Amino acid sequence: MNVGVIGPGDIGEVIVRKLRDADYSVKMANSRGPESLRGLAAKTGAMPVSVEQAVQDVDILFIVVPQKAIPKLPKGLLNKAKKETIVIDVGNYYPFRDGRIDEIENGLTESVWVERQLGRPVVKVFNTIIAKALAEAGRPAGSTDRVALPISGDDPKAKESVAQVIDRIGFDSVDAGTIADSWRQQPGSPVYCTNPTKEELKLWLKNVDRSSLATGREKVLKSYLAVVDADYQTQVNAHRSVLVEEYGNKE
Ligand SMILES: NC(=O)c1ccc[n+]([C@@H]2O[C@H](COP(=O)([O-])OP(=O)(O)OC[C@H]3O[C@@H](n4cnc5c(N)ncnc54)[C@H](OP(=O)(O)O)[C@@H]3O)[C@@H](O)[C@H]2O)c1
């Protein structure tokens, strides 16, 4: 399977490493050009290319840029991708970083906004796991502490293909519904950066209260900033103590 990654930054680099460890063929691109990715290429065997080249002839394309950078991608970029290419949106909206996006503030689901910007359907996944956890928390299938990721999107076959990739890199997954419903996995949700098992993920997805998302996001951001240099378990615990304790565990 051929994969493209646009934005091998904090989490995008981990995605590149995990995919290469699992023997996927990976092309990667950023805004500074292929030269800037030589070091990562040497370490991983992923191929540095231009943004335009990254979208061509791939089965899966990961978009891993901050939300504010989505409209800055070249116009019509996705027209260069095959019709069958699965486009994954890993992003999250943070007003402090991305500036205010009125449509999202007025209630549009974040990934629906991304779809409209890109002119292509997306699958939303990997937005709920901290980069360090993605790097270190993978476990063999069947492990009792295996972390599960929610996958949202409108194409069941695309979600199934993505679930297989996730399994291969050490994680479980749960179908979280359509892209319009993907607000359930946005920042502030109890499934956000809390490393749930599959059973926890199913329960917490049911319990998400849309009206609490923005408050939860701002609250957890404060506690996260205090542990930004800590190990991933400490970071996950900081998210759990705000998001799960307040919003997640109702039966
Ligand atoms: N960090 C995490 O733990 C984590 C976890 C889950 C989801 N997320 C979400 O994933 C997204 C990326 O987060 P991050 O923390 O990885 O950010 P980051 O470290 O700032 O990396 C951003 C990447 O996007 C690239 N980029 C920015 N603008 C671009 C453009 N116009 N064209 C092409 N590439 C561009 C950057 O390349 P240049 O440096 O060359 O511009 C860099 O490779 C965010 O929406 C974030 O909320 C992050």
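These exercises work through a predicted model, each with a solution in steps. Local features need pLDDT of at least 70, and side-chain atom pairs count only at pLDDT 80 or more, while totals for chains, interfaces and linings use all residues. Residues are numbered from 1 along each chain as its sequence is written.

**Exercise 1. The ligand shell**

Describe the residues around the ligand by proximity, by origin and by class.

*Solution.*
- Step 1. Set the cut-off: a residue is near a molecule or strand if its C-beta atom, placed from the backbone, lies within 6 Å of it.
- Step 2. The shell has 24 residues, of which Gly7, Gly9, Asp10, Asn30 and Gly91 come nearest.
- Step 3. Assign the elements. Helices (H or I, at least four residues) and strands (E, at least two) are DSSP runs, numbered from the N terminus. Helix α1 (residues 10–21) gives the largest share of the shell, 3 residues.
- Step 4. Sort by class. Ala, Val, Leu, Ile, Met, Phe, Trp, Tyr, Cys and Pro count as nonpolar, Asp, Glu, Lys and Arg as charged, and the others, Gly among them, as polar. The shell then holds 12 nonpolar, 9 polar and 3 charged residues.

**Exercise 2. The two sides of α8**

Check the length of helix α8, then find its buried and its exposed residues.

*Solution.*
- Step 1. The expected span is 1.5 Å times one less than the number of residues. Helix α8 (residues 156–168) has 13 residues, for which 18 Å is expected; its first and last C-alpha atoms are 19 Å apart, close to that value.
- Step 2. Count C-beta atoms, placed from the backbone, within 10 Å of a residue's own: 20 or more others make it buried, 12 or fewer exposed, and anything in between partly exposed. In α8, Ala158, Lys159, Val162, Val165 and Ile166 are buried.
- Step 3. These residues lie on the same side of α8, because they cover an arc of only 115° around the axis. The arc is that of the directions from the helix axis to the C-beta atoms.
- Step 4. Pro156, Lys157, Glu160 and Gln164 are exposed on the other side of α8.
- Step 5. Find the packing partners, with contact meaning C-beta atoms, placed from the backbone, within 7 Å. The buried residues of α8 pack against β4 (60–63), β5 (86–89), β6 (123–124), β7 (148–152) and β8 (172–177).
- Step 6. Glycine 170 follows α8 and has a positive phi, near 105°.

**Exercise 3. α10 by the same route**

Work out the span, the buried face and the packing partner of helix α10.

*Solution.*
- Step 1. Helix α10 (residues 213–225) has 13 residues, which should span 18 Å; its end C-alpha atoms are 18 Å apart, in agreement.
- Step 2. Leu213, Gly216, Arg217 and Val220 are the buried residues of α10.
- Step 3. They fall within an arc of 100° seen down the axis, so they line one face of α10.
- Step 4. Lys222 and Leu225 are exposed on the other side of α10.
- Step 5. The buried residues of α10 pack against α11.

**Exercise 4. Two positive phi values**

Aspartate 57 and phenylalanine 126 both have a positive phi. Locate each and say whether each is buried or exposed.

*Solution.*
- Step 1. Aspartate 57 has phi near 55°. The loop between α3 (51–54) and β4 holds aspartate 57.
- Step 2. Aspartate 57 has 12 other C-beta atoms within 10 Å, so it is exposed.
- Step 3. Phenylalanine 126 has phi near 70°. Its place is the loop between β6 and α7 (131–136).
- Step 4. Phenylalanine 126 has 25 C-beta neighbours inside 10 Å, so it counts as buried.

**Exercise 5. Core and long-range contacts**

Name the best-connected members of the largest nonpolar core, then trace the contacts of isoleucine 88 and valine 236.

*Solution.*
- Step 1. A nonpolar core is a set of buried Ala, Val, Leu, Ile, Met, Phe, Trp, Tyr and Cys residues joined through C-beta atoms within 7 Å. The largest has 62 residues, and Val5, Phe62 and Ile88 touch the most other members.
- Step 2. The largest share of this core, 5 residues, comes from α1.
- Step 3. Leaving out residues up to four places away in sequence, isoleucine 88 touches residues including Phe62, Phe126 and Val162.
- Step 4. Valine 236 sits in helix α11 (residues 232–247). With 22 other C-beta atoms within 10 Å, valine 236 is buried.
- Step 5. Beyond four places in sequence, valine 236 contacts Ile130, Ala133, Cys193, Thr194 and Asn195. Valine 236 and isoleucine 130 are 106 residues apart in sequence, yet 8.0 Å apart from C-alpha to C-alpha.

Terms used. Two residues are in contact if their C-beta atoms, placed from the backbone, lie within 7 Å.
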